[in-house]
Amino acid sequence: MQGDSVLFNYRGQIAEMALRNRLPAAAPQKEYADAGFLLTYGADVPDLYRRLAGFADKIFKGAKPADLPVEQPTKFDLVINLKTAKALGVIIPPALLARADEVIE
């Protein structure tokens, strides 16, 4: 779901449908939790772009792209939507809430 612009553009409608059908929905990007999904867990996109700038800098300074290492994300965000949890009757354990990077109330 990370790169699907159709799903991203309709995230609000998808969240409404999931809630109407009492389905907990999860996705990899924070914007989905903002739209009403129960939770999101995925790579921190702004962090990815900051790291991308480092690669661009190396290339502009003469490094060959093929010689640069492939990297995986190192920072992930967990966002929990308590409003949706309450509407679904889902109780989020306090330990999970404590680990969340953001809680939407």
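Where is Asp101 found? Asp101 sits in the loop between α6 (94-99) and β4 (102-104). The model described here is predicted.

## Asp101 and its contacts

Setting aside neighbours within four places in sequence, Asp101 is in contact with Phe76, Asp77 and Leu78. Two of these residues return below. Phe76 belongs to an aromatic pair with Tyr41. Asp77 is among the residues nearest the centre of the largest pocket.

Asp101 and Leu68 are 33 residues apart along the chain. Their C-alpha atoms are separated by 31 Å.

## The largest pocket

The largest pocket holds about 150 Å³ of space. Its lining consists of 13 residues. Nearest the centre lie Lys30, Glu31, Ala43, Val45 and Asp77. Four elements give two or more residues each to this lining: α3 (30-35), β2 (39-43), α4 (45-60) and β3 (76-81).

Which element gives the most to the lining? Strand β2 does, with four residues. By class, the lining has six nonpolar residues, three polar and four charged.

## Aromatic pairs

How many aromatic pairs does a search of the whole structure find? The search finds three. In one of them, Tyr32 and Phe37 meet edge-to-face. Their ring centres are 5.1 Å apart, with 70 degrees between the planes. Both Tyr32 and Phe37 are buried. Phe8 joins Tyr32 and Phe37 in one aromatic cluster.

Tyr41 and Phe76 form a stacked pair. Here the centre-to-centre distance is 5.8 Å, and the planes are 15 degrees apart. This pair links distant parts of the chain, 35 residues apart: Tyr41 is in strand β2 and Phe76 in strand β3. Is Tyr41 buried or exposed? Tyr41 counts as exposed because its relative accessibility is 51%, and the cut-off for exposed is over 50%. Phe76 has a relative accessible area of 36%, so Phe76 is partly exposed.

## Charges over rings

Two rings carry a charged end above them. The charged end of Arg11 sits over the ring of Phe8, 4.0 Å from the ring centre. Phe8 is also part of the aromatic cluster with Tyr32 and Phe37.

The other case involves Lys58 and Phe55. The charged end of Lys58 sits over the Phe55 ring, 5.7 Å from its centre.

## Asp47 and Thr74

Asp47 lies in helix α4. Why does Asp47 count as buried? Its relative accessibility is 13%, and buried means under 20%. Leaving out neighbours within four places in sequence, Asp47 is in contact with Thr74 and Lys75.

Thr74 has its place in the loop between α4 and β3. At 61% relative accessibility, Thr74 counts as exposed. The contact between Asp47 and Thr74 thus joins a buried residue to an exposed one. Thr74 also touches Arg51, again not counting residues up to four places away in sequence.

Thr74 and Ala43 are 31 residues apart along the chain. Their C-alpha atoms are separated by 7.6 Å. Ala43 is one of the residues nearest the centre of the largest pocket.

Conventions
Residues numbered from 1 in each chain as written. Predicted model: local features only at pLDDT ≥ 70, side-chain atom pairs only at ≥ 80, totals over all residues. Heavy atoms only, no water. 1 Å grid on protein atoms, 1.4 Å probe; cavity = no way out; pocket = protein on both sides within 12 Å on 5 of 7 lines; lining within 4 Å. Points joined across faces, edges and corners; volume = space filled by probe spheres on them. Nonpolar A, V, L, I, M, F, W, Y, C, P; charged D, E, K, R; others polar. Buried < 20%, exposed > 50% of the residue type's maximum accessible area, 1.4 Å probe, protein only. Contact = heavy atoms within 4.5 Å. Phe/Tyr/Trp six-rings, centres within 6.5 Å; stacked < 30°, edge-to-face > 60°. Lys NZ or Arg CZ within 6 Å of the ring centre and 35° of its normal.
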